[in-house]
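The following exchange considers why certain terms are applied to a structure. Please examine the sequence and the model first.

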Amino acid sequence: EKIKEALELLNQYFEEFARDKKAEVATVLKWALVSPFNWVKKQKGKKTLFKWLFLLGSPDTGKTTDAELFTRWIWGLEENSTSGASLQTLSRIGQKASRWTFANLVNEASTLFKNTPHSDEVREMLRQTWDGTIAREIRKNTGERIVELAGATFIFTANENPIFYPA
């Protein structure tokens, strides 16, 4: 009965809010349902099920709404979004990547891919987090080793097309 209610609600959403972009929204839904399981595949050394999503489009077209709906609300998660500007440090990327295996939403992510003083390190860490099981390792002055695992996936939204520089 609950599955039937959920499917009816999803159908209503598609009819009312996604009429002109059903294929795109279906892709986001499918990705959000499967992406938390990428961690299992990465641990086994297998190719991940889905790569990360980059939703690019004009303002007020529903990119963030769709991403939040399917990455947060479907799984019953707390707030999981951040802005690209606030994610421009290795520490913050490591914290987001190791928090869980669910997707992290990054709004206005084009700033992550612009050429800034630390952009090479940021892009390299994102690439490592995409492919590997470890986001970063930290060695404290005491010799203690802290490992931040790369369990989470990321979904990016932007209004402008970022210029991608090689990592």
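Q: What makes the contact between E15 and K22 a salt bridge?
A: In this predicted model, the closest N and O atoms of E15 and K22 are 3.0 Å apart. The cut-off is 4 Å between a side-chain nitrogen of Lys or Arg and a carboxyl oxygen of Asp or Glu, so the pair qualifies.

Q: Why is E15 called partly exposed?
A: The relative accessibility of E15 is 31%. Partly exposed covers the range between under 20%, which is buried, and over 50%, which is exposed; E15 therefore counts as partly exposed.

Q: How do you know which class K22 belongs to?
A: K22 has a relative accessible area of 36%. Because this value lies between the two cut-offs, K22 is partly exposed.

Q: What makes D120 and R123 a salt bridge, and where do they lie?
A: Their closest N and O atoms are 2.8 Å apart, which is within the limit of 4 Å. Both residues lie in helix 6 (residues 119–131), three residues apart, about one turn of the helix.

Q: Is R123 buried or exposed, and why?
A: R123 has 5% relative accessibility, and buried means under 20%, so R123 counts as buried. Its partner D120, at 49%, is partly exposed because the exposed class requires over 50%.

Q: Why is the contact between R145 and E137 called a salt bridge?
A: The N to O distance between their side chains is 2.6 Å, and the definition asks for within 4 Å, so the term applies. R145, at 43%, is partly exposed, and E137, at 42%, also counts as partly exposed.

Methods. Residues are numbered from 1 along each chain as its sequence is written. This is a predicted model: local features need pLDDT of at least 70, side-chain atom pairs count only at pLDDT 80 or more; totals for chains, interfaces and linings use all residues. Side-chain values use heavy atoms; hydrogens and water are left out. Buried means under 20% relative accessible area, exposed over 50%, partly exposed in between (1.4 Å probe, protein chains only). Helices (H or I, at least four residues) and strands (E, at least two) are DSSP runs, numbered from the N terminus.
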